[in-house]
Amino acid sequence: MPEAQSSRQDPRRWKKQPQPVRRTVSQICPPPRRPLTVADIRPGMENERLGVVRDSMFQNPLIVKAELGKPRERSCSLPGIDFNYGLYTRGLDGGVPEAIGHWNVFKPQPTCPHELTRNYITMNRGAVKAGLVTARENFLYRRLNDIRISDQDDRHVKKELPSLPPNMTFGTPTRPSTPFFDLLQHRYQQLWVQEQKDTQKAIKLEKKHKVILGKLYETRSSQLRKYKPPGKPDALWHMPHFQKVRPHLDTFPTEADRQRAFRAHQEEHAVRQGTLRMGNYTHP
């Protein structure tokens, strides 16, 4: 109980809590920074310059440089705090009572009269019908028959509207659905390849049937003129006393074996090496 009474009499419990500090609009959205001046320049800044320096030099966006770690300075001066941006709306119409009490009707302003354009088509047609063809005659005819184009031309009213079918639907047609199956199966690629093949085939067929002008065709006379009859080669000359001498060494048992061996050598002639195509040992 003593502890409970002491807690009731504690003055710190009923002490007023401090209110949160409210920031103003100027602190939340500060106004843009004013342009630099000569007095704001300190040694080591990006906009430090040598020679004559004027305040107008810091109002040129092409000359002013951005300071390191700071936003770019504005190059234009802003009005004071008392300046209000926007337009003032002043009630000059009288409000709802004046709108209900009477109705303001704008009177049409008189249009200035203007000269109508000459109708040269009608005047030229009339001059031709009258038999006038020279420039002088046309000039006199236009002075006597000055025809003008009327402003109240109702030719657009007399124009007949085109006849339309009764069940015609106006508007943009709906785009057809995308053929996904053709896209997945590469159908368009196959059609393009087939089209290219047909084109190449047509070009080859056209070249085949196309007659090349200026080409000389071979005739029988030209072929006979170029033909050279094969001559029978003369037999090698042998000494008379060696013609009836037979070879001393014959390694083939029969003549058929000899021909078979020569035939096999002739078939392997292309893959053998050497000058005489007899093997590696025939190198010179």
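The following exercises, each with a worked solution, concern a predicted model of one protein chain.

**Exercise 1. The overall make-up of the chain**

Determine how many helices and strands the chain holds, and what percentage of its residues is buried.

Solution.
Step 1. The chain contains 10 helices and 0 strands.
Step 2. Read from the N terminus, the order of elements is therefore α-α-α-α-α-α-α-α-α-α.
Step 3. The chain has 284 residues, and buried residues account for 7% of them.
Step 4. Contacts between residues at least 6 apart in sequence may also be examined; of these, 29% link residues at least 24 apart.

**Exercise 2. The crossing of α4 and α5**

Describe how helix α4 is placed against helix α5, and state which residues meet.

Solution.
Step 1. Helix α4 covers residues 120–129 and helix α5 covers residues 135–144; their axes come within 10 Å and cross at roughly 120 degrees.
Step 2. An angle of 65 to 115 degrees would count as roughly perpendicular, and one over 145 as roughly antiparallel. The crossing of roughly 120 degrees therefore makes α4 oblique to α5.
Step 3. The crossing of α4 past α5 is right-handed.
Step 4. On the α4 side, the residues that meet α5 are Tyr120, Met123, Asn124, Gly126 and Ala127. On the α5 side, they are Asn138, Tyr141 and Arg142.
Step 5. Sorted by character, the residues of this contact comprise 4 nonpolar, 3 polar and 1 charged.

**Exercise 3. A residue between the two helices**

Find where Leu132 lies, and list its contacts beyond its neighbours within four places in sequence.

Solution.
Step 1. Leu132 belongs to the loop between α4 and α5.
Step 2. Once the neighbours within four places in sequence are set aside, Leu132 is in contact with Ala127, Glu137, Asn138 and Tyr141.
Step 3. Ala127, Asn138 and Tyr141 are also among the residues where α4 and α5 meet.
Step 4. The relative accessibility of Leu132 is 21%. Buried requires under 20%, so Leu132 counts as partly exposed.

**Exercise 4. A network of salt bridges**

Identify the salt-bridge partners of Asp146, and explain which parts of the chain the pair with Arg118 ties together.

Solution.
Step 1. As a general principle, side chains of opposite charge can pair when their charged atoms come close. The structure holds 6 salt bridges.
Step 2. One of them joins the side chains of Arg118 and Asp146, at 3.3 Å from N to O.
Step 3. Arg118 is in the loop between α3 (95–101) and α4, while Asp146 is in the loop between α5 and α6 (155–158), so the pair ties together parts that are 28 residues apart in sequence.
Step 4. Asp146 also forms a salt bridge with Arg148, where the closest N and O atoms are 3.1 Å apart.
Step 5. The relative accessible area is 28% for Arg118, 36% for Asp146 and 29% for Arg148. Accordingly, Arg118 is partly exposed, as are Asp146 and Arg148.

**Exercise 5. The pair Glu218 and Lys226**

Establish how Glu218 and Lys226 interact, and whether each is exposed or partly exposed.

Solution.
Step 1. Glu218 is located in the loop between α8 and α9 (220–226).
Step 2. Leaving aside neighbours within four places in sequence, Glu218 is in contact with Gln223 and Lys226.
Step 3. Lys226 and Glu218 form a salt bridge, their closest N and O atoms being 3.2 Å apart.
Step 4. Lys226, at 59% relative accessibility, counts as exposed, whereas Glu218, at 47%, counts as partly exposed.
Step 5. Elsewhere in the structure, salt bridges that share partners join Arg118, Asp146 and Arg148 into one network.

**Exercise 6. A positive phi**

State the phi value of His186, and say where this residue lies.

Solution.
Step 1. Most residues other than glycine have a negative phi.
Step 2. The phi of His186 is near 55 degrees, which is a positive value in a residue other than glycine.
Step 3. His186 sits in the loop between α7 (180–184) and α8 (187–209).
Step 4. With a relative accessible area of 48%, His186 is partly exposed.

Definitions and conventions:
Residues are numbered from 1 along each chain as its sequence is written. This is a predicted model: local features need pLDDT of at least 70, side-chain atom pairs count only at pLDDT 80 or more; totals for chains, interfaces and linings use all residues. Side-chain values use heavy atoms; hydrogens and water are left out. Axes are lines fitted to C-alpha atoms, for helices over the stretch in contact, and angles run from 0 to 180 degrees between N-to-C directions. Angles under 35 degrees count as roughly parallel, over 145 as roughly antiparallel, 65 to 115 as roughly perpendicular and the rest as oblique. A crossing is left-handed if the near helix is turned anticlockwise from the far one by less than a right angle, and right-handed if clockwise. Contact means heavy atoms within 4.5 Å. Ala, Val, Leu, Ile, Met, Phe, Trp, Tyr, Cys and Pro count as nonpolar, Asp, Glu, Lys and Arg as charged, and the others, Gly among them, as polar. A salt bridge is a side-chain nitrogen of Lys or Arg within 4 Å of a carboxyl oxygen of Asp or Glu. Buried means under 20% relative accessible area, exposed over 50%, partly exposed in between (1.4 Å probe, protein chains only).
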